[in-house]
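Welcome! Have a look at the structure below, turn it around a few times, and then read on for a guided tour.

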Amino acid sequence: LDQTFADFELIVVDDASTDDTVSFVQSLRDPRIRVLRQSTRSERSTARNVGLARARGEFVMFLDDDDLLRVDALARLVGALRGSQHALAAAAACRIALPNGDSTLPYRPSREHTGFVWREMLFGWWSNSGQNLYRTEVVRAVGGFDPAVTHCEDRKLWLTIAWRGPVCVAPSTVMDYRIHDGQSKPPDIDAIRRGVFDEFIATLPGDRQREGRCIRRAADLVDAADRARSEHRFGAAIMAQLH
């Protein structure tokens, strides 16, 4: 509600919570806010699609309830997307906020760039919900979030959209991604992520599937090198990968 860009609607999808969300949001008495209460829990992909179906704006953002938008987030992302008429979405950077008060700023470009970024995303570059603004019609055209995927679902949506057209990547920081004890990831998250990558590669034209597999192989090598460096066995790991 503190956004410098004030022309927005805020759709709160209450996925059968038990913390009196509806009463709290209604107490804010802001005409831009609508609450959609689900009586049974559906998980986040389906819940986001419920909000998507009711969205009336030209652009749409999906924001998780534990992350924090910078006050100029919408202004920057709307400006980037309106300034790139052919872009299907706009993405900016986030700062990762750690529980101990420290933070780190992942990769971001030094200048605005619009182009196809599916290769970068397949390699492992990511942009969380809240860093992104999509054209609403594009998200609807690809079917929104896959209800069968409840982890890495945003990555799957990104790959689908990034293959269809260019994305505007902006150098600004628009969100704080907060790490906290309430977060949970399944123990097989790496396998789930790999499955999303493999499924995407399988949808590519034949000549691009080999390129996709090479990109993932390169990403695996980099990941192995990073792990080896942290464990002080860098040289041995690289030789093992090359053989």
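## Inside and outside

In this predicted model, 41% of the 243 residues of the protein count as buried. The accessible surface comes to about 13800 Å², and carbon and sulfur atoms hold 51% of that surface.

What about charge? The protein has 33 positive and 34 negative charges, and the mean positions of these two sets are 4 Å apart.

## Overall build

Nine helices and nine strands make up the list of regular elements in the protein. If you follow the C-alpha trace along its principal axes, it spans about 65 × 40 × 35 Å.

How does the radius of gyration fit a compact globule? A compact globule of 243 residues would have a value near 18 Å, and the protein has 19 Å, so the two agree. Contacts also say something about the fold: among those with a separation of 6 or more, 75% are between residues 24 or more positions apart.

## Rings that meet

Now look for the aromatic side chains, because the structure holds five aromatic pairs. One of them joins Phe62 and Tyr134: the ring centres are 6.2 Å apart and the planes meet at 55°, so this pair is tilted. Phe62 sits in the loop between β3 (59-60) and β4 (68-69), while Tyr134 belongs to strand β8 (residues 132-135), so the pair ties together parts 72 residues apart in sequence. Are these two partners buried or exposed? Phe62 is buried at 7% relative accessibility, and Tyr134 is buried at 3%.

Another pair is formed by Trp118 and Phe200, whose ring centres are 6.2 Å apart with planes at 55°, so this pair is tilted. Here two helices are involved: Trp118 is in α4 (residues 118-123) and Phe200 in α7 (residues 189-203), so the pair ties together parts 82 residues apart in sequence. Trp118 has a relative accessibility of 2% and counts as buried; Phe200 is buried as well, with 8%. Finally, go back to Phe62 and Tyr134: ring pairs link them with Phe145 and Trp158 into a cluster.

## Helix α2 and the loop before it

Which residues of α2 are buried? They are Ser45, Ala47, Arg48, Asn49, Gly51 and Leu52. These buried residues pack against three strands and two helices, namely β1 (10-15), β2, β3, α5 (136-141) and α6 (153-164). A helix rule is handy to keep in mind here: an α-helix has 3.6 residues a turn, so residues three or four places apart point the same way.

Ser42 is found in the loop between β2 (33-38) and α2 (44-54). Its relative accessible area is 23%, so Ser42 counts as partly exposed; the limit for buried is under 20%. Leaving out residues up to four places away in sequence, Ser42 touches Asp15 and Ala47. You have already met Ala47 among the buried residues of α2. Ser42 and Gln183 are 141 residues apart in sequence, and their C-alpha atoms are 18 Å apart in space.

## Two buried helix residues

Start with Leu74, which lies in helix α3 (residues 73-82). At 11% relative accessibility, Leu74 is buried. Its contacts, leaving aside neighbours within four places in sequence, are Gln3, Phe5, Phe8, Met61 and Gly79. From Leu74 to Ala225 there are 151 residues in sequence and 37 Å in space, C-alpha to C-alpha.

Arg216 is part of helix α8 (residues 206-230). Is this arginine buried or exposed? Arg216 is buried, with a relative accessible area of 11%. Not counting residues up to four places away in sequence, Arg216 touches Leu122, Phe123, Gly124, Phe197 and Ile201.

## Backbone angles to look for

Two residues that are not glycine have a positive phi angle to look up. Ala16, in the loop between β1 and α1 (21-27), has a phi of about 55°. Arg29 is placed in the loop between α1 and β2, and its phi is near 50°. At 74% relative accessibility, Arg29 counts as exposed.

Terms used: Residues are numbered from 1 along each chain as its sequence is written. This is a predicted model: local features need pLDDT of at least 70, side-chain atom pairs count only at pLDDT 80 or more; totals for chains, interfaces and linings use all residues. Side-chain values use heavy atoms; hydrogens and water are left out. Helices (H or I, at least four residues) and strands (E, at least two) are DSSP runs, numbered from the N terminus. The radius of gyration is taken over C-alpha atoms; the globule rule is 2.2 Å times the number of residues to the power 0.38. Buried means under 20% relative accessible area, exposed over 50%, partly exposed in between (1.4 Å probe, protein chains only). Contact means heavy atoms within 4.5 Å. Accessible areas come from the Shrake-Rupley method with a 1.4 Å probe; for residues, only the protein chains shown count as cover. Lys and Arg count as positive and Asp and Glu as negative; His and the chain ends are not counted. The place of a charge is taken as NZ of Lys, CZ of Arg, CG of Asp or CD of Glu. Rings of Phe, Tyr and Trp (its six-membered ring) pair if their centres lie within 6.5 Å; planes under 30 degrees apart count as stacked, over 60 as edge-to-face and the rest as tilted.
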